[in-house]
Amino acid sequence: WKRCQKLVDSGEVDVNICAFRNAEREATSVIVEPRMGQNSIAVFVRQRRQDTFRFSTWADLKGLRTGLIAGVSMGPEFDSFLQDNTTVERAPTLLSVFKMLDLDRVDIAPFGLEAGRLAVEYHGFKGRIVPLPQPALLGDLHLIVSKKSPLAARAAEIGKYFERAGYQEELRAALDESGRLYLQTTPQGGR
């Protein structure tokens, strides 16, 4: 993710999809409005802790060990809260973060609910890692366009695509189908 963002910043890549808005991205990219979707950020824990782990507000996470992917932002407020109030361990991939969680090297792994659930199943952690029922936040996901791209001047036009009737239903169906295909065509637990 971090490398992808640098490619957008430099203009080598025109767009990045499903990005949270933050000051760093606003400095180098045009943020397309309206949002293209939303992402529920879940707090993943070891299943054996699910019943005893109480989470209703961010304050419940204070003092915990947190596993995060290097370069991934979940929005400036939540990023800052985790950095200031938990012990953050960063890893290059979600697989690495989930391995740290599974091995009890971190207590929590905040990540997008849908992608996290797919990764749990894909990497063979089903029954060992679960999301807590209460999301940490619901974040807006944007398509961002490099300011160095010729597409930057067309951001308003691109945004109209996300405003059209039926877009949300189309997005839901595409996400469901891609998740199903992803799990169907990749070996579970083998990675």
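# Notebook: buried residues, cores and the largest pocket

I started with Ser-146, which counts as buried because its relative accessibility is 0%, below the 20% cut-off for that class. I keep in mind throughout that this is a predicted model. Ser-146 is found in strand β8, and once I set aside its neighbours within four places in sequence, I find it in contact with Val-8, Asp-9, Gly-11, Val-13, Asp-14, Thr-28, Ser-29 and Ala-152.

**Entry on the cores.** I next looked up the largest nonpolar core, which holds 28 residues, and noted that Val-43, Phe-53, Leu-61, Phe-78 and Leu-82 touch the most other members. At least two residues of this core come from each of β3 (37-46), α4 (76-85), β8 (137-146) and α7, and the largest share, four residues, is that of β8. I followed Phe-78 further: leaving aside its neighbours within four places in sequence, Phe-78 is in contact with Ile-41, Trp-58, Leu-61, Pro-110, Ala-136 and Leu-137. There is also a second, separate core of 18 residues, and among its members I list Ala-42, Phe-44, Met-100 and Ala-119. As background I note that nonpolar side chains tend to be buried together in soluble globular proteins.

**Entry on Phe-44.** From the second core I picked Phe-44, which lies in strand β3 and is buried, with a relative accessible area of 0%. I then checked a pair that is distant in sequence: Phe-44 and Ile-129 are 85 residues apart along the chain, while their C-alpha atoms are 6.5 Å apart in space.

**Entry on helix α8.** How far apart are the end C-alpha atoms of α8, and what span should its 19 residues have? For residues 167-185, a rise of 1.5 Å a residue gives an expected span of 27 Å, and the end C-alpha atoms are 27 Å apart, so the two values agree. I then asked which residues of α8 are buried, and found Tyr-167, Gly-179 and Leu-183 among those of the helix. These residues cover an arc of only 120° around the axis, which puts them on the same side of α8. The general rule I set beside this is that an α-helix has 3.6 residues a turn, so residues three or four places apart point the same way. The buried residues of α8 pack against α6 (113-122) and α7 (155-163), whereas the face turned away from the buried side carries the exposed residues Glu-169, Gln-184 and Thr-185.

For Leu-183, which belongs to helix α8, the relative accessible area is 16%, so this residue counts as buried. Leu-183 and Tyr-122 are 61 residues apart in sequence, yet 6.3 Å apart in space, C-alpha to C-alpha.

**Entry on the largest pocket.** I recorded a volume of about 1200 Å³ for the largest pocket. Its lining consists of 41 residues, of which Cys-18, Asn-39, Gly-112, Ala-115 and Leu-141 lie nearest the centre. Which element gives the most to this lining? The answer is α8, with eight residues, and the elements that each supply at least two are β1 (15-19), β3, β6 (109-112), α6, β8 and α8.

I closed with Asn-39, which lies in strand β3 and is one of the residues nearest the centre of the pocket. Asn-39 has a relative accessible area of 19% and is therefore buried, the limit being under 20%. Apart from neighbours within four places in sequence, Asn-39 is in contact with Phe-20, Gly-112, Leu-113, Leu-137, Leu-138, Gly-139 and Leu-141.

Definitions and conventions. Residues are numbered from 1 along each chain as its sequence is written. This is a predicted model: local features need pLDDT of at least 70, side-chain atom pairs count only at pLDDT 80 or more; totals for chains, interfaces and linings use all residues. Side-chain values use heavy atoms; hydrogens and water are left out. The expected span of a helix is 1.5 Å times one less than its number of residues. Buried means under 20% relative accessible area, exposed over 50%, partly exposed in between (1.4 Å probe, protein chains only). The arc is that of the directions from the helix axis to the C-beta atoms. Contact means heavy atoms within 4.5 Å. A nonpolar core is a set of buried Ala, Val, Leu, Ile, Met, Phe, Trp, Tyr and Cys residues joined through side-chain atoms within 4.5 Å. On a 1 Å grid over the protein atoms alone, a cavity is a set of points where a 1.4 Å probe fits but cannot get out, and a pocket is an open set with protein on both sides within 12 Å along at least five of seven lines; lining residues have an atom within 4 Å of a point. Grid points are joined across faces, edges and corners, and a volume is the space filled by probe spheres set on the points.
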